Structures are given as C-alpha cells and as structure tokens.
Amino acid sequence: VEGISRQQSNPIIDNEIARQLARTFNKIQQTKRTAITENGSEVDIEAVLQAQAKGFGDYMIDDVKYRGLTIYISVDGSGSMSHLGHMETARDLIATMFKAVERTPQVKMLANVWSSDTQGQVGITTIKTTEQCKSIGMSSGHNYMYTPTHEAIRYTSKQLAGVSGKKLMILLTDGHPQYHMNGTSLDNETLIQMAIREHRKAQRIVHSMVCININAGEAVSADNLKRIFKKNYVEFNGMEQAKTFVMKNFRQAVFTALRR
C-alpha cells in the first residue's frame, strides 16, 4: 500500500554538516575531469608522441561526464522504532542528507518508510524531498507495526531498477523480520529464507548495499540479519552510532560518484 499516512514531525537538520558537505560537493563538481579518447576537443601533445612511438593510441582530450548517483535509504517503520528516539534520529539524519545534496544535481536522494499489518499489507511511504522528510515516522493509525524485511528489499530494489548510474541502498532496521499473513504469523525460518531470496535478486540491481542493525545488543536480530545480508551487514548499539557510520559512507559515496 503506497502513500500511507504517517505521523509527521519537522526534522532537526544539522545545517552545519549540510553546509560543509554541500561546499565540498560543489568544489568537486567545479573541478573538470578529462580523459584521453578517440574524439575530443583538444590535442594532448604527450599522448600524440606516445601514439606515434607505439604506432597506435588515442590523443584527444575529452571531458568526463558524470554518470550520477542515487542513494536510497529504506527505513524500518515497525513499532519498535518508536523506542529510544530511533525514528526521530533517522528522520533528522535523512533530512540532513537531503539538504546536503539539494544543489548537487548529479546526486539524487530517495527514502522510504515501511512496515506491515496483521493481514500482510505492507505500508510504504516514499520520501523524495527535504520537505517530505517530516513524514518519516510511525503509521498514523498504528496499524502497520511489523517488520516485513523481505518486502522492503524487494520494493526498494525494484524502484532502483529504473534508475541509471551508480546506486547505493541503505536499509535501517532495529529488529529481525516479522510478518503476518491473514492474521497468522509466519515462522522465523520462512521469513529468513524469503529475505535471502530477495537480497540475492536485489544484488543484480544494486551493487552497493548495506543493512544497518541499530540494535546490536539483541542476539536473535543480529543473527538473522547476518544470515540475510552477510558481508553487507553492519551493526551498532543505537541510532547515534549508526548516524555517524551513514554520514561517513554517504560522504564517500558522493565523492566517488563525483570524482569518477
């Protein structure tokens, strides 16, 4: 179910971090990158000499075009995310990331919040702008309280399938999969296998993916998520530690895309 209503709250954007990142990204954009190709606008004399010496080779200078980067953050919106301010911190973090790339056209930010009800319906709320980040919250009617990890992977990767350029998918969760169908809870092993299948499919679409478990102290959750995401899994005790990790990787992903 797309576009379900969620509790709204204005995020607290870390404007200083957003400005620092924006300034850095802007400097990178202004630095032209070039490559030696068959077709270009200028001649590279050194490349000409090398081509003559070898008897072959390109020697024209051409500007390197940015392919772009899409970062998609998928947020667990189940009931447990309301504990310890997890959802509030996630909202502030994502809004800061959106703000940082507002003037960087090569980088596109997207996010969604997901959770399911007792009948198996999965409620999805998509976030496309900084303004919409206020909708990163729990479902308004408290109907969608469970953690359909397999559906979150499937939906988000499907959305990224229609995007060109480099892609980074970040899944934020604080628990292991929980899913009901027609009022009946599916057993843990079934959910793990369903999520593993969706993760394998997603890897064909998204080459850079990470699942962040913000509740590392809970052994069952950690074990289940490790089985699903394997090398794409990291864990932290609390959303604040996860925030630091995400910002670091966010910066690196943008750097890599803009410098290619």
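Q: Which residues lie nearest the centre of the largest pocket?
A: A18, A22, K99, A100 and R103, out of twelve that line it. A pocket here is an open set of points on a 1 Å grid over the protein atoms alone where a 1.4 Å probe fits, with protein on both sides within 12 Å along at least five of seven lines, and lining residues have an atom within 4 Å of a point.

Q: Which elements give two or more residues to that lining?
A: They are α1 (15–30) and α3 (86–100). The largest share, seven residues, comes from α1. Helices are DSSP runs of H or I of at least four residues and strands are E runs of at least two, numbered from the N terminus.

Q: Is this a predicted model, and how are things numbered?
A: The model is predicted, with local features needing pLDDT of at least 70 and side-chain atom pairs 80 or more, while totals for chains, interfaces and linings use all residues. Residues are numbered from 1 along each chain as its sequence is written, and side-chain values use heavy atoms, without hydrogens or water.

Q: Back to the largest pocket. What is its lining by class?
A: Three nonpolar, four polar and five charged residues. Asp, Glu, Lys and Arg count as charged, Ala, Val, Leu, Ile, Met, Phe, Trp, Tyr, Cys and Pro as nonpolar, and the others as polar.

Q: What about the second largest pocket, which residues are closest to its centre?
A: Its volume is about 170 Å³, the space filled by probe spheres set on the grid points. Of its 13 lining residues, S80, D174, G175, N215 and S221 are the closest to the centre. That lining divides into one nonpolar, ten polar and two charged residues.

Q: New topic. Where is N224, and is it buried or exposed?
A: N224 is in helix α6 (residues 219–229). It counts as buried because its relative accessibility is 2%; the cut-off is under 20%, with over 50% for exposed and partly exposed in between, using a 1.4 Å probe and protein chains only.

Q: What is N224 in contact with?
A: Beyond its neighbours within four places in sequence, N224 is in contact with H176, P177, N188 and I192. Contact means heavy atoms within 4.5 Å.

Q: And α4, which of its residues are buried?
A: T149, H150, E151, A152, I153, Y155, T156, S157 and L160. These buried residues pack against β4 (69–76), β5 (107–116), β6 (122–127), β7 (166–173), α5 (188–203) and α6.

Q: How many helices and strands are in the chain?
A: Seven helices and eleven strands. Of the chain's 260 residues, 48% are buried.
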